[in-house]
Amino acid sequence: MNINMRALVLFLAMMTSHLGHAAEPLQTFGISLLQPQEVFQSRVQSVEALATYIKSVQRVTNDFLSAQPHGQPTNGFIVLAVRPGQQSRVWLDLKPEFPAQAAAQLKTAIGRSQPLIVNHGPVVFAISVGIWGGSASTAKMPAPSEFAVAAKATGRPLEVGDLVERIWND
């Protein structure tokens with residue numbers, strides 16, 4: 001079953017406009033699809049399943065951050081990939097970077113969220129976030145360091161789904 005991309009974009013815009021309150025450590029500024037609409041549309045079964053997954057990731061992230069000592073204002077992206085079989089991966093592109101241990105713990109916590117069901121290959125998207133009062137990132141797209149390393153190793157441009165599969169298998 002294909003989803004209507006216009007409905008998806010409107011739904012996600014509506015969803016993110018109500019997320020994050022001043023007292024919460026996590027603010028969500030938007031969702032970016034990192035693949036062409038046709039690819040995303042053919043692989044995601046429903047807007048509702050995507051929304052449920054995003055809300056779960058936001059809740060887990062907020063809970064994790066609430067349990068941490070208040071840090072410096074941070075912004076950037078939580079990058080998520082889901083492939084068939086409900087397998088997921090998480091990358092962080094935050095400025096300033098989280099300490100390695102906290103980043104690993106956050107990625108593990110997010111990784112426990114039940115991913116949505118996708119078909120015919122991975123879907124990759126990012127949640128634009130501000131943490132502890134951080135403003136929206138000025139970057140248009142996320143650039144996790146793992147993506148740059150993998151892209152450089154191939155020596156040629158890759159579609160983000162192919163890049164994610166390469167990283168996943170390493």
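Which residues of helix 5 are exposed? In this predicted model, Val-149, Lys-152 and Ala-153 are exposed. Across the helix, on the other side from these three, Phe-147, Ala-150 and Thr-154 of helix 5 are buried. The buried residues fall on the same side of helix 5 because the arc they cover around the axis is only 70°. This fits a familiar pattern: an α-helix has 3.6 residues a turn, so residues three or four places apart point the same way. Just after helix 5 comes Gly-155, with a positive phi near 75°.

Helix 5 (145–154) also takes part in the largest pocket, where it supplies at least two lining residues, as do strand 3 (87–95) and helix 4 (100–111). The space in this pocket comes to about 210 Å³. Its lining includes Leu-92, Asp-93, Leu-94 and Lys-95, together with Glu-97, Phe-98, Ala-103 and Lys-107. Ala-143, Pro-144, Ser-145 and Glu-146 belong to the lining as well. Strand 3 gives the largest share, with four residues. For a reader thinking about side-chain chemistry, the lining breaks down into six nonpolar, five charged and one polar residues.

The second largest pocket holds about 150 Å³ of space. Among the 13 residues that line this pocket, Gly-71, Phe-98, Pro-99, Ala-102 and Trp-132 are the closest to its centre. Eight nonpolar, four polar and one charged residues make up the lining of the second largest pocket. Phe-98 is thus found in the lining of the largest pocket and also in that of the second largest pocket.

Terms used: Residues are numbered from 1 along each chain as its sequence is written. This is a predicted model: local features need pLDDT of at least 70, side-chain atom pairs count only at pLDDT 80 or more; totals for chains, interfaces and linings use all residues. Side-chain values use heavy atoms; hydrogens and water are left out. On a 1 Å grid over the protein atoms alone, a cavity is a set of points where a 1.4 Å probe fits but cannot get out, and a pocket is an open set with protein on both sides within 12 Å along at least five of seven lines; lining residues have an atom within 4 Å of a point. Grid points are joined across faces, edges and corners, and a volume is the space filled by probe spheres set on the points. Ala, Val, Leu, Ile, Met, Phe, Trp, Tyr, Cys and Pro count as nonpolar, Asp, Glu, Lys and Arg as charged, and the others, Gly among them, as polar. Buried means under 20% relative accessible area, exposed over 50%, partly exposed in between (1.4 Å probe, protein chains only). The arc is that of the directions from the helix axis to the C-beta atoms.
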